[in-house]
Amino acid sequence: MQNWRLTFGIIMMLLLTAIAGICIWQAATYYSIYQQGLFILYVLLYVLFLVPYILSKLGRFIAIINGSKEIAEGNIQNTIQDTGKDDLSKLAGYINNMKAGYQSALENQMKSERLKTELITNVSHDLKTPLTSIINYVDLLKKEDLSTETTRAYIETLDRKALRMKLLIEDLFEISKMASGTVELDIEYVDVATLLTQAIAESNTSMGQASPEIRERIAKFPIHAHLDGNKIWRVFENLIGNAQKYSLPGTRIYIYLDESDDQVLFKIQNTAAYEIDFAAEELFERFKRADESRQTEGSGLGLSIVKSIVELHGGEIKIEIHGDQFNVILHLPKQRLI
């Protein structure tokens, strides 16, 4: 009953074929010219109309089989061409959709394998650099008769490199937890405006005078929402830190915060110091950085962590690039959605 048109068509073809067979037999056995003429007329109409129709359907069916065989043998670029509107056309469309889905899955798998290779390469690079420095400075401290001032400088370098490794390992651990879905949110009724103001103040303190000037435009105080305050703090910290690291010297960072009836609206805008010659969405990939030369310190996981936190809250994040202007836009739900 779900395919009643196809069922009805098959029944009619079988019925008309049976009648044609009866007409042929009757024309051969009846002596009445009038009756023979009617039987022969029916057979002629059957041959002229129904037989070509059946052959056409059969040809399209064979074409679908051959096209399916091509796809099954690995030629996923092959597309079954069928412009009809019947069930055979639907079948061709379903196979084409399956092929498109398989092709998309294959491309995603290849992209995933490429990202895994990049991840291993970049993790190795980012761990090896501070580790090599630590080993070298420890060797210097062991072998040389150093002054107190030189020893203190070496220890400060060791401390900085060790913290760098600690940051990278912590970020790797956090992103792996989020990817496995084992992170639980501690949802509270927080003032997002105050949280953002504190994050901006702390970022200015940590970066010092070298940091680009931040201009915040917060629509109102307070802006309340049911969120995990610690995780949202990490979001603000990562986004502001990225903007400070990758902004063109002498430019400003603009931060906007507003609300609608059901969402908190956040935007951070800066002028990029490096040309971004790839798709904006790729920056959400692990270890993807605008600074491809890797001259700035950082785990390269900042935006990936931000995206994971926002999506855990049921929010949305997107990146917009207009020339050198780099914008990250967040929409966070005010009510708990998870």
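Me: What makes up 67% of the contacts in the chain with a separation of 6 or more?
Reply: In this predicted model, 67% of those contacts join residues that stand 24 or more positions apart, where a contact requires heavy atoms within 4.5 Å.

Me: How do you know which elements the chain contains, and in what pattern do they follow one another?
Reply: The chain holds seven helices and seven strands, and, read along the sequence, they follow the pattern α-α-α-α-β-α-β-β-α-β-β-α-β-β.

Me: Why are β2 and β6 called edge strands?
Reply: The five strands of the open sheet stand in the order β2-β4-β5-β7-β6, with mixed pairing. Within that sheet, β2 (213-218) and β6 (316-322) each pair on one side only, and this is what gives them the name of edge strands. Neighbouring strands of the sheet are turned by 15 degrees against each other on average, with direction ignored.

Me: How do you know that β5 and β7 are paired?
Reply: Two strands pair if at least two bridges are found between them, and β5 and β7, which run antiparallel, are joined by nine, so they meet that requirement. One of the partnerships is that of Q269 with N327 in β7.

Me: What makes β6 and β7 a pair, and in which sense do they run?
Reply: Seven bridges join β6 to β7 (residues 325-333), and the two strands run antiparallel; the cut-off is at least two bridges, so the conclusion is that they pair. Here K318 has I329 in β7 as its bridge partner.

Me: How are β4 and β5 connected, and how many bridges do they share?
Reply: A hairpin of three residues joins β4 to β5, and the two strands pair in the antiparallel sense over six bridges. Along this pairing, E259 stands opposite V264 in β5.

Me: Why is α6 called largely enclosed?
Reply: A residue counts as buried when its relative accessible area is under 20%, and 14 of the 18 residues of α6 are buried, so the helix is largely enclosed by the rest of the structure. This helix also gives the most to the largest nonpolar core, with seven residues.

Me: How do you know that D228 caps α6, and at which end?
Reply: A side-chain oxygen of D228 lies 3.1 Å from the backbone nitrogen of N230, and this places the cap at the N-terminal end of α6. The limit for a polar contact is 3.5 Å, so the distance of 3.1 Å falls within it.

Me: Which residues touch the most other members of the largest nonpolar core?
Reply: The core has 36 residues, and those that touch the most other members are L196, F236, L239, I255, L257, F266 and I268. Leaving out residues up to four places away in sequence, F266 touches, among others, L196, F236, L239, I255 and V328. In soluble globular proteins, nonpolar side chains tend to be buried together.

Me: Is K334 called buried or exposed, and why?
Reply: The relative accessible area of K334 is 13%, and the cut-off for a buried residue is under 20%, so K334 is called buried. Its place is in the segment after β7.

Me: What makes the pair K334 and E259 a polar contact?
Reply: The side chains of K334 and E259 are joined at 2.6 Å, and the limit is 3.5 Å, so the pair lies within that limit. Beyond its neighbours within four places in sequence, K334 is also in contact with residues including H224, D261 and V264.

Key. Residues are numbered from 1 along each chain as its sequence is written. This is a predicted model: local features need pLDDT of at least 70, side-chain atom pairs count only at pLDDT 80 or more; totals for chains, interfaces and linings use all residues. Side-chain values use heavy atoms; hydrogens and water are left out. Helices (H or I, at least four residues) and strands (E, at least two) are DSSP runs, numbered from the N terminus. Axes are lines fitted to C-alpha atoms, for helices over the stretch in contact, and angles run from 0 to 180 degrees between N-to-C directions. A nonpolar core is a set of buried Ala, Val, Leu, Ile, Met, Phe, Trp, Tyr and Cys residues joined through side-chain atoms within 4.5 Å. Buried means under 20% relative accessible area, exposed over 50%, partly exposed in between (1.4 Å probe, protein chains only). A polar contact is a pair of N or O atoms within 3.5 Å; within protein, one must be able to donate a hydrogen and the other to accept it, and residues adjacent in sequence count only if both atoms are side-chain atoms.
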